[in-house]
Amino acid sequence: MVYKIGLVGKPSVGKSSFFNAATMNNIPEAEYPFTTVEPNIGEAFVRVECPDKQFNKTCDPRTGFCTDSKRYTPVKLVDVAGLIPGAHKGKGLGNKFLSDLNEADVLIHVVDFSGKTDSEGEPSENHDPRKDIDFLEEELDMWYLEILEKALEKFEKQRHDKQKIEEVVSEQMSAFKTDKNQVRQVIKSQGLSKKPKEWSEEEKKSFAREMRKRTKPMVIAANKMDLEEAKKNFDEIKSEKKYQDLTIVPVSVHAEKALKKADEAGVIDYLPGESSFKVLENVSGKQKQGLEKIKEFLDEYGGTGVQESLEKALFKELNLMPVFPVGSKNLGDEKGNVLPDCFLVPEKTTAKEFAYHVHTDLGDNFLYANDKKTGRRVGSDKEVSSGDVLEIVSTS
Ligand SMILES: Nc1nc2c(ncn2[C@@H]2O[C@H](COP(=O)(O)OP(=O)(O)O)[C@@H](O)[C@H]2O)c(=O)[nH]1
Ligand SMILES: [Mg+2]
């Protein structure tokens, strides 16, 4: 499966620009709301360490690409329509937004840290980015709350063959990919009574909030960090207790785009996500100045933040790890391609579950796996590790 990352946020924060920079497509970007009406789905990449070097080989990726053992592995990126306050009531493109959102495994909330756009995405000065961070969370929480209330109504109306509260709620919230165990855990963690009738408004809210946190993991892309005003906001918010638990990445989508364009034009050598680039041609004037500014930015933040946002979403928020399935001969498939595939799998995936990720038949007929790095046999229940190279041996 290819994971899907949803780009969310109010209009004019740079979602489409981010999408373009990460996918290098060209769709409209502008300073007016709702440029993006249909969700745009594109391919972006996350970097993982490729094991080819350890085997003294060069890999032949079936998808994505690999440079110097940095394997760029595909993910889907969705540029979701801009969200404005009240979306859960269907304001703006609210309902459409919410249904697109359901399809994303993880979100990147793009926030304009420069404060130059107001809550609705119109030009402004000194807008507080905290408001945007808070509003998106609240908007999502309200949406979860509404669904919870429907579930509570259903629960109270039951007559015969009563379902448990966690069953009713998890069914109602199935679009969030939850289950009754998770719902039960959340009820417990919030210290809620066994009788939902007794839940106060506050308790319902805290339940909704906790469910949202667990089912919609999120990275905050603090965008427009190339603008003077953004730095102060960033430093302040980063050190505030209220925002400590959030994953906030400093980003300049403009810098990423400029570097990719200069790389394409052969002016510089730049690999997405790197903290530096090499100038290849004699540059002068405006271009030189522009590149110098970007260099300063990279020196300060260690990258443009675009790549880091994608990678934090998958590796920090979703806790995924790369595992490489190979055939029996020379780390290749039947055509002789070396390390052709890279799968991203959740933590605690067992060898047999991994086999199912690769192919249902391999899972059904699983015997054991060979760990190509250690030469050891791996049993079905053994958990795989990040960077494993596994040959799956099956009966068929
Ligand atoms: N300074 C600066 N401006 C940016 C950056 N990213 C996007 N913008 C500008 O913000 C405006 C809105 O961008 P757009 O991608 O259309 O936002 P969307 O409505 O969220 O999709 C455009 O004028 C972009 O050029 C950035 O990294 N730095
Ligand atoms: Mg847009």
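Start with ligand 1 and select the shell of residues around it: five are nonpolar, seven polar and five charged. The model on screen is a predicted one.

**Stop 1: the shell of ligand 1**

There are 17 residues around ligand 1, and those that come nearest are Ser12, Lys15, Ser16, Ser17 and Asp226. Colour the helices next. Both α1 (15-23) and α8 (253-264) supply at least two residues of this shell. Which of the elements gives the most to the shell? That is α1, with three residues.

**Stop 2: contacts with ligand 1**

Show Lys15 as sticks. An N or O atom in the Lys15 side chain is 2.8 Å from an oxygen atom of ligand 1. Then show His254, where a side-chain N or O atom is 3.0 Å from an oxygen atom of the ligand. At Val13, turn on the backbone: one of its N or O atoms there lies 3.2 Å from an oxygen atom of ligand 1. On its own, ligand 1 has 580 Å² of accessible area, and the protein covers 90% of that.

**Stop 3: the domains**

Colour the protein chain by its domain assignment. Domain 1 takes in 4-39 + 80-127 + 217-315, domain 2 is 139-214, and domain 3 is 322-394. How many Å separate the centres of domain 2 and domain 3? Taken over C-alpha atoms, the figure is 38 Å.

**Stop 4: strands β12, β13 and β14**

Select residues 366-371, which form strand β12, and residues 389-394, which form strand β14. These two strands pair in the antiparallel sense, with five bridges. To find one place along the pair, pick Asp371, which stands opposite Leu390 in β14.

Now add residues 377-378, strand β13, which runs antiparallel to β12 and is joined to β12 by two bridges. Here Ala369 stands opposite Val378 in β13. Five residues lie between β12 and β13 in the hairpin that they form. In the turn, click on Gly375, whose phi is positive, at about 80°.

**Stop 5: two loop residues with positive phi**

Go to the loop between β3 (65-67) and β4 (70-79) and select Asp68. Asp68 is not a glycine, yet its phi is positive, near 55°. Is Asp68 buried or exposed? Its relative accessible area is 62%, so Asp68 is exposed.

The last selection is Lys348, in the loop between β11 (343-346) and α11 (351-358). Lys348 is another residue other than glycine with a positive phi, near 70°. Lys348 counts as exposed because its relative accessibility is 60%, and the cut-off for exposed is over 50%.

Terms used:
Residues numbered from 1 in each chain as written. Chains lettered and ligands numbered in written order. Heavy atoms only, no water. Pairing = 2+ DSSP bridges. Helix = DSSP H or I, 4+ residues; strand = E, 2+ residues; numbered from the N terminus. Domains from an automatic or database assignment. Near = heavy atom within 4 Å. Polar contact = N/O pair within 3.5 Å; in protein donor to acceptor, adjacent residues only side chain to side chain. Areas by Shrake-Rupley, 256 points an atom, 1.4 Å probe, with all protein chains shown as cover. Nonpolar A, V, L, I, M, F, W, Y, C, P; charged D, E, K, R; others polar. Buried < 20%, exposed > 50% of the residue type's maximum accessible area, 1.4 Å probe, protein only.
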